[in-house]
Structure formats: C-alpha cells, structure tokens
Amino acid sequence: MIQFDSQGWSLASYQVKWRDFFRFSVSRPWDFVPMEFAGVAVSERTATLETDRLELVCRAAEWGENRIVFDLEITARAAVANAALALVFPTPPGGRVTIPMSLYNNNPSTPAATIVPRYDGAGCDCILCEESRLPVKGVNCEGDGYSISCFLGGGDDQWSLGMLGDAIAATTGMVGCNGRKDHIYGSKNRIVEFDGNYRNLRPGERLRKRVVFQLELVSCQRQICSKTASFCAEPPCAADAGRCDHRPNQRPAAECANELPRSGCVQPVPDLRCSGAAVTSVAADRISANRPPAESQ
C-alpha cells in the first residue's frame, strides 16, 4: 500500500523521508545533500514541498502493490546557478547492480586492469549515466530477497540514472563514472570529463519528469525473484526449498520447479534497513500474499 504523509512516502515495507528522497546541489562538481523544507503540504497522493529556492510537487500518478509512478514538477522560486537535483532510492549494501549496456554486477568478466564502468558501492562511489545513452532507461539493484528498480519516463528534459553510494539515483543530468564526478565512460576504455548538464534556473522556470519505482520482495532469502524469470510465480515446494541456490536464467523452469519455494514458504525475510531510509522487514506471509505473478520485461 502506498502512503504519503508530512514525513515522507512508503510502499509496503519500504519507507523514505522527503529530506532523504530529494537531494540538491549548487556546486561544481556536484555534491548532493539532503534538502530541508520550510513547508510540506500533503493532499491525497500529492506532496508539495518548499525551500527558499525551489518548490517541488511530487504526485503518485499510478501505483500498485509493488510499483509507484512519480510525476515531478520542480519550480524555481529564485535564481539558482549550477543547480542539480536528485531523487534517491536507498538500497541495502552489497546489492548486484545492472545498468543496461554499462554495468552488470561490476562487470566481473573484464580483467581488473581494463578500464570499464565499475561500481562496488563503497562510500561515495558513483556511476550515473545520461538518459540518452541508455537503451533501456532503468537501473536495478538486487540481493537475497529483494529487487529494487528505477526507470525514467519520456519527455524532452533529459536526466541521468545510476547509483550514488548505496542508493539508486535519478538526477537532473549529473554524471559520474567509477567514483569520479563529472566524468563518463568514453570509447576505447577511457573515462573522460563531462560537465555539461548543470542548470541555471530563472525564477518561475520549471522542470518536469516521470520516475518509476518498483520493489520486489520474496519470502525466501536465497531465492532471487526477477521479472525475467519465468519460474518465479508459484513453483511447487520441496522439503529442501530453503536451500535453493538457483538463479534466474541459469536453468529452465522444468528443471528447477521442484527445488524452488512456493509462496507459502516461511523462511525469514531479510532486513532491508539502510542509510537514508527506514526500510523494515515484514512477515513472510504478508509478502507471499502481496507478491504479483511474474511478468516478462
């Protein structure tokens, strides 16, 4: 169930405060910090948040048991130079990250000495890619028992997407690669400088964007529930289901069905509490009741 209040928003067991969800920067290179709001008004599923320089309207245009479509409108209340805004979706540490055509689980097949996009999630590590460079405008972070994804909607305003520390981040165009701010991955195994997406906002100027958040939780810690896995819906349960080590796309459904846990499994749910968000564990039976059937992407 989605909920907006004066403190933040939540979906199922995932909760984020507004000050942690919205980050702002007016420096070069960018340095996103939590926003402090002078006023917060919440009506239905719309939140209006004000600072001395910005007004942010965040509306849940669509929602479901595991998905929210955010429509954002950002209006400058005063002139702001070198402006950059980020929406931050905290993730548990140590997740496996996928960014289409850029990063897959830290690109382990590439020799360590070769320069390619990397992300280990430590400290201030970052990888932020321009929206126009992504064949699929999305990023996914998954671990045992969870999968968190973010997608960018269309429109003329081009943003960027990736990871910022232990969080998925959608920003107004800031980039970073291998922990280096204002850099992108170039051709022939090179990282090159790029700082062309800072905004100089005039009073009354507006930015609009649609951002989609999706959360998948499963009741067994060692089962990865993926939208690409055809066998995640309701496989039969076996006595040793909790010890299943199979991952999506490694073996066909017919071979794995009897070894994967069904929705009634009572294995513990991982605690998803992490920095910047109050993400709590929920009972296995609650997750089982809310888990949607698998879909193809």
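## A walk through a strand-rich predicted model

Of the 297 residues in the protein, 50% are buried. The model is predicted. Its secondary structure comes to three helices and 23 strands. About 13900 Å² of the protein is exposed, and carbon and sulfur atoms supply 47% of that area. Among contacts with a separation of 6 or more, 62% link residues that lie 24 or more positions apart.

Start at the N terminus. Three strands form an open sheet there, in the order 1-2-3, with antiparallel pairing. Strand 1 (2-4) and strand 3 (14-17) are the edge strands, and each pairs on one side only. Neighbouring strands of this sheet are turned by 10 degrees against each other on average, direction ignored. In general, strands of a sheet pair through backbone hydrogen bonds, either parallel or antiparallel. Here, strand 1 pairs with strand 2 (residues 8-11) in the antiparallel sense, over three bridges. One residue to find in this pairing is Q3, whose bridge partner in strand 2 is S10.

Move on to strand 4 (residues 22-25), which holds F24. Is F24 buried or exposed? It counts as buried, because its relative accessibility is 11% and the cut-off for buried is under 20%. Look at what surrounds the residue. Leaving aside neighbours within four places in sequence, F24 is in contact with D31, F32, V33, M35, R53, L54, V80, A83, A84 and L85. A86 also deserves a look: its C-alpha atom is 6.4 Å from that of F24, although the two residues are 62 apart along the chain.

Next comes a run of hairpins. Strand 6 (residues 39-43) pairs with strand 7 in the antiparallel sense, over five bridges. The two form a hairpin with two residues between them. E44 sits in the turn and has a positive phi of about 55 degrees. Strand 7 then forms a hairpin with strand 8, this time with three residues in between. Strand 7 and strand 8 (residues 54-63) run antiparallel and are joined by five bridges.

A47 ties this region together. On one side, A47 has V42 opposite it. On the other pairing, A47 stands opposite C58 in strand 8. Which residues of strand 7 (residues 46-50) point to the buried face? A47 and L49 do, and both are buried. T46, T48 and E50 point to the other face and are not buried. The side chains thus alternate along the strand.

Now turn to strand 9 (residues 67-76), where D71 has its place. D71 counts as buried because its relative accessibility is 19%, against a cut-off of under 20%. The D71 side chain has a polar partner: a contact of 2.7 Å joins it to the side chain of R210. Beyond four places in sequence, D71 is in contact with V57, C58, R59, A61, K209 and R210. C58 is the residue that stands opposite A47 in the hairpin of strand 7 and strand 8.

R210 leads to strand 23 (residues 206-217). This strand is mostly covered, with nine of its 12 residues buried. Strand 9 and strand 23 run antiparallel, joined by nine bridges. Within that pairing, I68 stands opposite F213. Strand 23 also pairs with strand 15 (residues 146-152), again antiparallel, through seven bridges. There, I148 stands opposite L215.

Finish with the interior. In soluble globular proteins, nonpolar side chains tend to be buried together. In this model the largest nonpolar core has 52 residues. The residues with the most contacts inside this core are W9, W18, F21, F22, F70 and F89. A second, separate core has 12 residues, including A84, A86, C126 and A167. A84 is also one of the contacts of F24.

F70 shows how the pieces of the chain meet. Not counting residues up to four places away in sequence, F70 touches F4, W9, F21, C58, R59, F89, K209, R210, V211 and F213. Several names here are already familiar. F213 is the residue opposite I68, and C58, R59, K209 and R210 are also among the contacts of D71.

How values were computed
Residues are numbered from 1 along each chain as its sequence is written. This is a predicted model: local features need pLDDT of at least 70, side-chain atom pairs count only at pLDDT 80 or more; totals for chains, interfaces and linings use all residues. Side-chain values use heavy atoms; hydrogens and water are left out. Two strands pair if DSSP finds at least two bridges between them. Helices (H or I, at least four residues) and strands (E, at least two) are DSSP runs, numbered from the N terminus. Axes are lines fitted to C-alpha atoms, for helices over the stretch in contact, and angles run from 0 to 180 degrees between N-to-C directions. Buried means under 20% relative accessible area, exposed over 50%, partly exposed in between (1.4 Å probe, protein chains only). A polar contact is a pair of N or O atoms within 3.5 Å; within protein, one must be able to donate a hydrogen and the other to accept it, and residues adjacent in sequence count only if both atoms are side-chain atoms. Contact means heavy atoms within 4.5 Å. A nonpolar core is a set of buried Ala, Val, Leu, Ile, Met, Phe, Trp, Tyr and Cys residues joined through side-chain atoms within 4.5 Å. Accessible areas come from the Shrake-Rupley method with a 1.4 Å probe; for residues, only the protein chains shown count as cover.
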